[in-house]
Amino acid sequence: MSNTTNKYAFGMIGLGVMGRSLLLNMADHGFAVAGHDKDAGKVDSLNTEGGDLEVKGFLDVKEFIQSLTTPRAIMMLVPAGKPVDSVIAELSPLLDKGDILIDGGNSHFTDTNRRVEELEAKGLHFFGMGVSGGEEGARRGPSMMPGGDKDAYNVMKPIFEAIAAKVDGVPCVTYIGPGASGHFVKMVHNGIEYGIMQLLAETYEIMKNGLKMDNQAMQKVFADWNAGRLQSFLMEITAEIFTFKEKGSDHLLLDDIKDEARAKGTGKWTSQVAMDLQAPSPVIDTAVAMRDLSKYKEMRVKASELYSKDAPALEGDQTELLKALEQAFYFNMIVTYAQGMFLLTNASIEYKYDLKLDEIAKIWRGGCIIRSLFLNDIYNAYQNDKTLAHLLLDSSVQKLVTEALPGARKIVSAVTAAGIAAPAYAAALSYFDAFRSKRMPSNLTQAQRDFFGAHTYELIGKEGVFHTQWVINKMAEEN
């Protein structure tokens with residue numbers, strides 16, 4: 001650690017893995033930075049890892065505040081919810097008007113809205129910024145989604161552009177929009193992440209139980225896919241997981257891990273908001289539901305004894321089935337991204353975010369967890385038509401979907417017949433088929449609602465709303 005007495009240009013509250021990695025990233029790029037944590041071990045870790053860089057950790061919050069240049073710029077990387085409010089309450093009396101506070105955690109966007117108003121009233125600049133990429137991304141280049149006070153972001157822009165991941169020399173950070181838009185976009189990013197992870201889990205299930213493949217064979221498939229159009233961070237790490245053994249072990253660590261998935265809530269938030277905004281996201285909904293279902297291990301074991309038998313192998317040539325599976329995954333991935341982008345479209349209108357979906361796709365191409373080759377296609381779609389209502393309506397995407405659709409149908413049909421659970425695969429296909437329906441059976445739903453609750457209905461080619469006394473009409477027919 002440098003013994004410099006100079007003031008520091010940026011401060012970080014919370015020196016866990018992400019906070020510490022971001023600070024070291026900034027120091028690597030020539031910025032003098034400081035960090036604070038109440039855990040002495042984390043402060044010591046920063047000071048040790050900082051070496052000769054312009055970085056210093058503080059245990060005392062007042063010393064930390066005094067070490068920063070003014071106007072002060074401070075990022076919080078602490079757990080969402082009450083911890084963020086506690087840090088703000090502790091910091092506020094120590095700050096001056098014009099200072100900048102940044103929430104870099106996964107806060108719920110409604111909390112960010114409230115904090116924007118509260119801190120603005122105190123003369124403090126505040127914005128929420130989603131940060132994606134995990135430990136490695138934070139250290140080497142994350143994708144960042146800042147939204148809120150644009151003037152405050154512009155002050156921080158040189159630092160964030162310097163430390164962000166780069167794709168074709170372009171930093172993976174951009175101003176998202178007003179209010180809580182940054183945290184909203186990060187939430188949707190995480191919802192898409194949930195969906196793709198569930199699709200990968202189901203693909204594993206299909207290959208293992210439907211195609212009876214061993215770990216080595218599955219690893220090769222994931223690695224081969226990652227070398228083609230399915231290239232993505234999540235595909236890459238999946239292939240790596242299928243190679244990892246603990247030191248001295250003769251089998252994969254994966255085979256020792258419980259089949260009970262945890263979650264921190266951002267996927268659930270995405271589903272909840274999607275329903276509020278009437279932007280259906282059934283793949284994401286299914287991913288959340290399957291994580292929840294996985295926790296009921298004891299009941300699942302009992303149910304397996306009552307109902308299950310070994311799943312039969314999928315019928316057909318394995319080479320052809322793997323070709324169809326690749327098509328199916330590609331189709332499902334497109335639909336998952338499309339559902340997330342449609343949610344952003346609706347949120348932009350409802351919350352007046354004025355989101356630039358092409359720019360969001362562009363900064364997701366590097367650094368973040370859902371980075372993939374397909375994001376170039378998403379970027380091009382919204383570049384070509386900035387008013388594009390839905391990604392599936394883009395002509396280039398339509399060609400990709402049409403080409404992959406036979407594989408999706410083949411796999412969903414095959415796994416259903418074999419009794420292999422692939423709910424996200426099925427959800428993606430059913431969503432697509434409903435989306436492309438010129439006439440859905442929702443007229444029956446409207447008739448039912450009017451029958452039992454007098455909720456009224458609308459008629460084709462006739463203005464107004466209508467109500468029918470259905471029971472009376474039935475009695476008249478019987479008489």
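How many salt bridges does the structure hold? The structure holds 24 salt bridges, a salt bridge being a side-chain nitrogen of Lys or Arg within 4 Å of a carboxyl oxygen of Asp or Glu. This is a predicted model, in which local features need pLDDT of at least 70 and side-chain atom pairs count only at pLDDT 80 or more, whereas totals for chains, interfaces and linings use all residues. Residues are numbered from 1 along each chain as its sequence is written, and side-chain values use heavy atoms, with hydrogens and water left out.

**Figure 1. Overall view of the chain.** The chain has 20 helices and 11 strands; helices (H or I, at least four residues) and strands (E, at least two) are DSSP runs numbered from the N terminus. Along its principal axes, the C-alpha trace spans about 90 × 65 × 45 Å. The radius of gyration is 26 Å, which agrees with the value near 23 Å for a compact globule of 479 residues; the radius is taken over C-alpha atoms, and the globule rule is 2.2 Å times the number of residues to the power 0.38. Of the 479 residues, 49% are buried, where buried means under 20% relative accessible area, exposed over 50%, and partly exposed in between (1.4 Å probe, protein chains only). The accessible surface comes to about 23500 Å², of which 53% belongs to carbon and sulfur atoms; such areas come from the Shrake-Rupley method with a 1.4 Å probe, and for residues only the protein chains shown count as cover. Among contacts (heavy atoms within 4.5 Å) between residues at least 6 apart in sequence, 69% join residues at least 24 apart.

**Figure 2. Salt bridge between Arg 139 and Asp 28.** The closest N and O atoms of Arg 139 and Asp 28 are 2.4 Å apart. The pair links distant parts of the chain, with Arg 139 in helix H6 (residues 134-140) and Asp 28 in helix H1 (residues 17-28), 111 residues apart. Arg 139 is buried, at 18% relative accessible area, whereas Asp 28 is partly exposed, at 39%.

**Figure 3. Salt bridge between Asp 85 and Arg 115.** In this pair the closest N and O atoms lie 2.9 Å apart. Asp 85 belongs to helix H4 (residues 82-91) and Arg 115 to helix H5 (residues 109-121), so the salt bridge ties together parts that are 30 residues apart in sequence. Arg 115 is buried, with 1% relative accessibility, and Asp 85 is partly exposed, with 26%.

**Figure 4. Salt bridge within helix H15 and a salt-bridge network.** The side chains of Lys 362 and Glu 359 meet at 3.5 Å, N to O. These two residues of helix H15 (residues 357-363) are separated by about one helical turn, because they are 3 residues apart. Lys 362 counts as buried at 18% relative accessibility, while Glu 359 is partly exposed at 23%. Elsewhere, salt bridges that share partners join Asp 85, Asp 103, Asp 111, Arg 114, Arg 115 and Glu 118 into one network.

**Figure 5. Helix H12 and its surroundings.** The end C-alpha atoms of H12, which has 13 residues, are 18 Å apart, in agreement with the 18 Å expected at 1.5 Å a residue; the expected span is 1.5 Å times one less than the number of residues. Buried residues of H12 are Val 283, Ile 284, Thr 286, Ala 287, Val 288, Arg 291 and Ser 294. Their cover includes helices H8 (181-210), H11 (266-276), H13 (297-307), H14 (318-350) and H18 (423-435). Thr 270, in helix H11, is buried with a relative accessible area of 0%. Leaving aside residues up to four places away in sequence, Thr 270 touches Met 187, Val 188, Gly 191, Ile 284 and Leu 343.

**Figure 6. Backbone geometry in three loops.** Most residues other than glycine have a negative phi, and most peptide bonds are trans. The peptide bond from Thr 70 to Pro 71 is cis, with omega near -5°, and Pro 71 sits in the loop between helix H3 (61-66) and strand S4 (73-76). Asp 168 has a positive phi of about 55° and lies in the loop between strands S8 (166-167) and S9 (170-171); Asp 168 is exposed at 72% relative accessibility. Lys 352 has a positive phi near 60°, in the loop between H14 and H15, and is exposed with a relative accessible area of 67%.
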